[in-house]
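The following account leads the reader through selected strands, charge pairs and surface patches. Please keep the sequence and the model in view while reading.

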Amino acid sequence: RVKRGWVWNQFFVVEEYTGTEPLYVGKIHSDSDEGDGSIKYTISGEGAGTIFLIDEITGDIHATERLDREQKTFYTLRAQARDRQTDQLLEPESEFIIKVQDINDSEPRFLEGPYIGSVAELSPIGTSVMQVMASDADDPTYGSSARVVYSVLEGEQHFTVDSKTGVIRTAVADLDRETQDRYEVVIRATDMAGQLGGLSGSTTVTIVVTDVNDNPPRFPQKMYQFSIVETAPVGTAIGRVKAEDSDVGENTDMTYQVKDEEGVEMFKVTTDSNTQEAVITVQKPLDYESKKVHTVVVEALNKFVDPRFVDLGTFRDQTIVRVSVLDVDEPPEFRPPSNLMEVQEDAHVGSVVGVVTALDPDTANHPVRYAIDRSTDAERIFDIDANTGAIVTGKVLDRETAGWHNITVLAMEADNHSQVSRASLRIRILDVNDNPPELATPYEAAVCEDAKPGQLIQTISVVDRDEPQSGHHFYFTLAPEATNNHHFSLLDIKDNTAAVHTQRMGFNRQEQDVYLLPILVVDSGPPALSSTGTLTIRVCGCDSNGAIQSCNSTAYVVSATLSPGALIALLVCILILIVLVLLILTLKRHHKSHLTSEDDEDMRDNVIKYNDEGGGEQDTEAYDMSALRSLYDFSEIKGGDGGGGPGEGGPSGNLASELHVLPQWVQSPDLDFSVFRDYICKKVEQADEDLSVPPYDSFQTYAFEGSDSPVPSLSSINTWSSGSEQDFSYLGGWGPRFRQLAALY
């Protein structure tokens, strides 16, 4: 049996075919085909019927469209052979592939562009900058269409590129960022290994030259000039200078310093981190009169130095700064600046304590005047001579009251008091012995009745307000009035204390229970001062151990005859009696004050109430009408012997005493008031002449009616009598407020 099967040719089609006729691809054929046209060939799959057409009789395949290998490299199809009459498969369906054959139709492309690289300036030749790569879409397995080589089109004088790898390297060693900080290099990629006819593509590579610290700082000027007033405080900025540096970034960071000794002492230089400027400030007070111009050498140096470029030179520069000091009108200065003076506390008023001196530091040297700030010496204890500055005492000093005085002295220019200086002055008051020593306390001691001779009963110490430089030293002795004392003795212990001892055997408190011992204390001076203090010594009863039981003689006697219970009862009784006595006295005083308020006939009390407003017509308790009707007989003043006529000086006597001796007055038709008128005028004249007392009024003016009065008097004092003919009925028409008054009249 003969085996049958497909007979295949190699199927290839060239891409980018541009002919007008369909491009023959190949033929499919079955070995059972005898060429009589009984077999029908068909294809199916990718591009069947569109891109690829088959002749049903011959099996020839043609491509009807232009193919591109870069888009599709092969097509997969299936072939069938059928009987033309029965349409039955003569061969099993078979799969075949049509490959698209590559041609060099794609140029190399730089897909990662644009490229940016960097290289440090002054880098050596051959320093790698970066790598570029080009891609070719042609088939790398077929011919040389995809073999790419690199070359430099522009910038070859500074950079090179490796033809195979595309690595860009420096071609020179003197790249200078300060001259040119970036380069545009064009790189070309060519396929076909660079042979003639190959396709090429290019890209631009930007290469940035980075900075290195290869330039030292340089001052634009060799000298700078500034000026400042001499009163500028320490820390004042004088000016700024800056050194230029062609580098960038941290390579321009600088530090500044003062190089000369004079400048280091007077001025300080700091660096402004934001602007890289040198800030020159005052470090010590300036003085125009001492030095008018200062010269400062300022040096600038890079903070970060690259050791690779040390051989290029020193990375520092210097400049001169000239500072002119301007003169101003300054206040006087105290010389020397001593602030302590001393004076004895017994110095007389006007004594010189010390002298302060101040001078005008200006070249004009104006005269200086002195004064004391009175807010620091409100009591004016000290004065100062305005011209000489001599400080003298203004009051008597007392170290024990104030041992130190702190005052402020002012010094000002004579013709410009706004230019004033202040100096604090401490004055110490030196002690003199002007206070006698005194006993430390009012000492009281106790001695037992059965005390033996030589027994210590009290130790005495003293105090002295003075403070001698050599310390206190006191001497003790009994006062002269106690020289005949035979009861106690005084021993000076020589340590500023003294001891009191008994001098006899036993004491009897029934005979004498208290002894007063005068003690004379003398200090060491000079001059030696003394005082006498009294030690009170009480005689007490003691037990067998010497403990004091009682120091009261009366208590001692009572305690010997009464028991404790009896003593308590006695004290309770005494307390009850005291309470009863106090209660009786309180009741009597209350009763007496009540009677006095009812029986008081003094007209002055009612005069005080006379101006009080009553409570209406129903108020009958506001005043006592009987008091208003207690009149005096003024006629006895005029004619009586004790009344005091004008020639006897009676009216000038005490007014209060005259009022109490005036008798009741009975109306007389021929009264003469000239005596009282003269008396009142005389009193007024005396009051006007005496400027030390207020003009006291006298209520005697109510006793008579003045002349030329347009309204009749309503007073009941002058018109009351049993036979009065006046009619007061018209008072009833004055309204409710005067109804009670009308009833009284």
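Along strand 24 (residues 340–344), which side chains point to one face and are buried, and which point to the other and are not? In this predicted model, Met341 and Val343 are the buried side chains, and they share one face, while Leu340, Glu342 and Gln344 point to the other face and are not buried. In a regular strand the side chains alternate between the two faces of the sheet. Strand 24 is paired with strand 31 (residues 416–430) in the parallel sense, over 5 bridges. Within this pairing, valine 343 has isoleucine 429 of strand 31 as its bridge partner.

Parallel pairing also occurs towards the beginning of the numbering. Strand 2 (residues 12–14) is joined to strand 8 (residues 89–101) in the parallel sense by 3 bridges, with valine 14 partnered by glutamine 101 of strand 8. Strand 8 also pairs with strand 7 (residues 74–83), here in the antiparallel sense and over 8 bridges. In that pairing, lysine 99 of strand 8 is the bridge partner of phenylalanine 74. Strands 7 and 8 form a hairpin with 5 residues between the strands, and in this hairpin aspartate 87 takes a positive phi near 60°.

Another arrangement is an open sheet of 4 strands, in the order 32-34-37-36, with antiparallel pairing. Strand 32 (438–439) and strand 36 (488–492) each have a single partner strand and stand at the edges, so one side of each lacks a neighbour in the sheet. Strand 36 is connected to strand 37 (residues 497–502) by 5 bridges in the antiparallel sense; aspartate 492 is matched there with alanine 498 of strand 37.

The description now turns to charged side chains. Side chains of opposite charge can pair when their charged atoms come close. The model contains 24 salt bridges. One of them joins aspartate 272 to arginine 240, with the closest N and O atoms 2.9 Å apart. This pair links distant parts of the chain, as aspartate 272 lies in strand 19 (residues 267–272) and arginine 240 in strand 17 (residues 237–241), 32 residues apart. Aspartate 272 counts as buried because its relative accessible area is 18%, under the 20% cut-off. Arginine 240, at 43%, is partly exposed.

Glutamate 107 and arginine 109 form a further salt bridge, in which the closest N and O atoms are 3.5 Å apart. Glutamate 107 is partly exposed at 29% relative accessible area, whereas arginine 109 is exposed at 52%. Arginine 335 and glutamate 333 meet in a salt bridge of 3.2 Å, N to O. Both are partly exposed: arginine 335 at 39% and glutamate 333 at 33%. Elsewhere, Arg399, Glu400, Asp431 and Glu467 are linked in a network of salt bridges.

Two surface patches complete the picture. Leu570, Leu571, Ile574, Ile578, Val581, Leu582 and Leu585 make a nonpolar surface patch of about 660 Å². Among them, leucine 582 is located in helix 3 (residues 564–599) and counts as exposed because its relative accessibility is 52%. A negative surface patch is formed by Glu685, Asp688, Glu689 and Asp690. Aspartate 690 is situated in the loop between helix 8 (674–689) and helix 9 (739–744), and its relative accessibility of 34% places aspartate 690 in the partly exposed class.

Notes. Residues are numbered from 1 along each chain as its sequence is written. This is a predicted model: local features need pLDDT of at least 70, side-chain atom pairs count only at pLDDT 80 or more; totals for chains, interfaces and linings use all residues. Side-chain values use heavy atoms; hydrogens and water are left out. Patches are made of residues with over 30% relative accessible area and no salt bridge: like charges are joined within 9 Å, nonpolar side chains (Val, Leu, Ile, Met, Phe, Trp, Tyr) within 5 Å. Accessible areas come from the Shrake-Rupley method with a 1.4 Å probe; for residues, only the protein chains shown count as cover. A salt bridge is a side-chain nitrogen of Lys or Arg within 4 Å of a carboxyl oxygen of Asp or Glu. Lys and Arg count as positive and Asp and Glu as negative; His and the chain ends are not counted. The place of a charge is taken as NZ of Lys, CZ of Arg, CG of Asp or CD of Glu. Helices (H or I, at least four residues) and strands (E, at least two) are DSSP runs, numbered from the N terminus. Buried means under 20% relative accessible area, exposed over 50%, partly exposed in between (1.4 Å probe, protein chains only). Two strands pair if DSSP finds at least two bridges between them.
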